[in-house]
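Here are my notes on the model you sent round. Have it open while you read, and skip to whichever point you care about.

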Amino acid sequence: MDSAPCLQIQALSKQYAGPQGRRVLDGLDLQLAAGEYVAIMGASGSGKSTLLNVLGGLLRADSGTIRLEGVPMHNLDDAGLTRLRRRRIGFVFQAFHLLPHLSACMNIALPLQLDGVPRGQALARARALLEQVALGERADALPGELSGGEVQRVAVARALAHEPALVLADEPTGNLDHGIGLRVLTLLREQLGSRGGSGLLVTHSLEAARTADRILVLQDGRLQPWEGQTG
Ligand code: ADP
Ligand code: MG
């Protein structure tokens, strides 16, 4: 039996206010199967972050429909959108800093606790996730005591902690050494795959994009298959 698609976007449009406000998203369509992991490339300013912010419920589109696991996000009010984001979406953003005064473990456990998971259970889940990203022994370290790659592995673990249906990653390894960045992305992919979650990865790097199931390019407000996609 086919499972329902994770994400269905139809005719999504977004224009920023202002004199040169062009349509950044212009009738964009996308369907993401459950468990599918897709990379989005595109020139700087083509609207990649705008798309992810709309999908993450951080920004409203002007028109179009977005269904996450069948739920029409475009019809939700702010409270509903916040709840959906907290429960069903995970973020791995380059500038998504960990809280500096909390250990790696607490950075993962705290959002779970805020969502009602009892403290002991949240801590146990955080430790298990850190084991899975090979940071079990660094669970009590503060973010400032971790390397850039380790910080991003904590961010991956945190994004996955609440078992989201969809993980959104916006240039998550842009500030990392190339090889370390690829290792973090491979880890994200493996961890998502083992949970059946779907992912959207925005990246500048073709090599990074190749860690995904398919590659799309955002151009003129719409997504198209990447032309070089044969090998
Ligand atoms: P990308 O992530 O692909 O580099 P963005 O989604 O950040 O692109 O931006 C797309 C376009 O929208 C750019 O031309 C940018 O200048 C413009 N833009 C982004 N955010 C805003 C904003 N808050 N207000 C006005 N224009 C914006
Ligand atoms: Mg961007």
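**Notes on the predicted model**

Keep in mind throughout that this is a predicted model.

1. Ligand contacts. Let's start with the backbone around ligand 1. An oxygen atom of the ligand is 3.3 Å from a polar backbone atom of S46. The neighbours on either side in the list do likewise: a backbone N or O atom of G45 lies 2.7 Å from an oxygen atom of ligand 1, and for G47 the corresponding distance is 3.0 Å. As for cover, ligand 1 taken alone exposes 560 Å², and the protein buries 55% of that.

2. The shell. Which residues sit around ligand 1? They are Y16, R22, V24, A43, S44, G45, S46, G47, K48, S49 and T50. By type, the shell splits into six polar, three nonpolar and two charged residues. Helix α1, residues 48-55, is the top contributor, giving three residues to the shell.

3. Helix α1 itself. Is this helix mostly covered or mostly open? Mostly covered: six of its eight residues are buried. Those six are K48, T50, L51, L52, V54 and L55. If you scan the torsions, note that G57, just after α1, takes a positive phi of about 75°.

4. The main core. In soluble globular proteins, nonpolar side chains tend to be buried together. Here the largest nonpolar core has 42 residues, and the ones with the most contacts inside it are V92, I108, L130, V133, V154, V156 and L188. Elements giving two or more residues to this core are the strands β3 (37-41) and β7 (166-170), along with the helices α3 (104-114), α4 (119-132), α5 (148-160), α6 (178-195) and α7 (206-209). Apart from it lies another core, of 31 residues, with I9, L30, L51 and L81 among them. L51 also turns up in the list of buried α1 residues.

5. V92 close up. Leaving out residues up to four places away in sequence, V92 touches Q152, A155, V156, A159, V167, L168, A169, D170 and P172. One of these partners, V156, is itself listed with the most contacts inside the 42-residue core.

6. The loop between α5 and β7. Two residues here deserve a look, starting with H162, which lies in this loop. A polar atom of the H162 side chain is 2.7 Å from the backbone oxygen of I89. Beyond four places in sequence, H162 touches R85, R86, R87, R88, I89, G90, L112 and R125. P164 is found in the loop too, and with a relative accessible area of 7%, P164 is buried. Its contacts, counted with the same sequence exclusion, are R87, R88, I89, G90, A159 and G197. For scale, the C-alpha atoms of P164 and G80 are 16 Å apart, with these positions 84 residues apart along the chain.

7. Q191 in α6. Helix α6 is where Q191 sits. Why does Q191 count as buried? Because its relative accessibility is 10%, and the cut-off for buried is under 20%. The Q191 side chain reaches the backbone oxygen of Q132 at 3.4 Å. Past four places in sequence, Q191 touches Q132 and L160.

8. Two positive phi values. Most residues other than glycine have a negative phi. A134, in the loop between α4 and α5, has a positive phi near 60°. E171, in the loop between β7 and α6, has a positive phi of about 45° and is not a glycine either. What about their surroundings, buried or exposed? A134 counts as exposed, at 58% relative accessibility, whereas E171 is buried, with a relative accessible area of 17%.

9. T65 in β4. T65 is found in strand β4, residues 63-68. With a relative accessible area of 21%, T65 is partly exposed. T65 and Q10 are 55 residues apart in sequence, yet their C-alpha atoms are 5.2 Å apart in space. Q10 is also among the contacts of T65, which are Q8, I9, Q10 and H74 once residues up to four places away in sequence are left out. I9, in turn, is one of the residues of the 31-residue core.

Technical notes
Residues are numbered from 1 along each chain as its sequence is written. Chains are lettered from A and ligands numbered from 1 in the order in which they are written. This is a predicted model: local features need pLDDT of at least 70, side-chain atom pairs count only at pLDDT 80 or more; totals for chains, interfaces and linings use all residues. Side-chain values use heavy atoms; hydrogens and water are left out. A residue is near a molecule or strand if one of its heavy atoms lies within 4 Å of it. A polar contact is a pair of N or O atoms within 3.5 Å; within protein, one must be able to donate a hydrogen and the other to accept it, and residues adjacent in sequence count only if both atoms are side-chain atoms. Accessible areas come from the Shrake-Rupley method with a 1.4 Å probe; for residues, only the protein chains shown count as cover. Helices (H or I, at least four residues) and strands (E, at least two) are DSSP runs, numbered from the N terminus. Ala, Val, Leu, Ile, Met, Phe, Trp, Tyr, Cys and Pro count as nonpolar, Asp, Glu, Lys and Arg as charged, and the others, Gly among them, as polar. A nonpolar core is a set of buried Ala, Val, Leu, Ile, Met, Phe, Trp, Tyr and Cys residues joined through side-chain atoms within 4.5 Å. Buried means under 20% relative accessible area, exposed over 50%, partly exposed in between (1.4 Å probe, protein chains only). Contact means heavy atoms within 4.5 Å.
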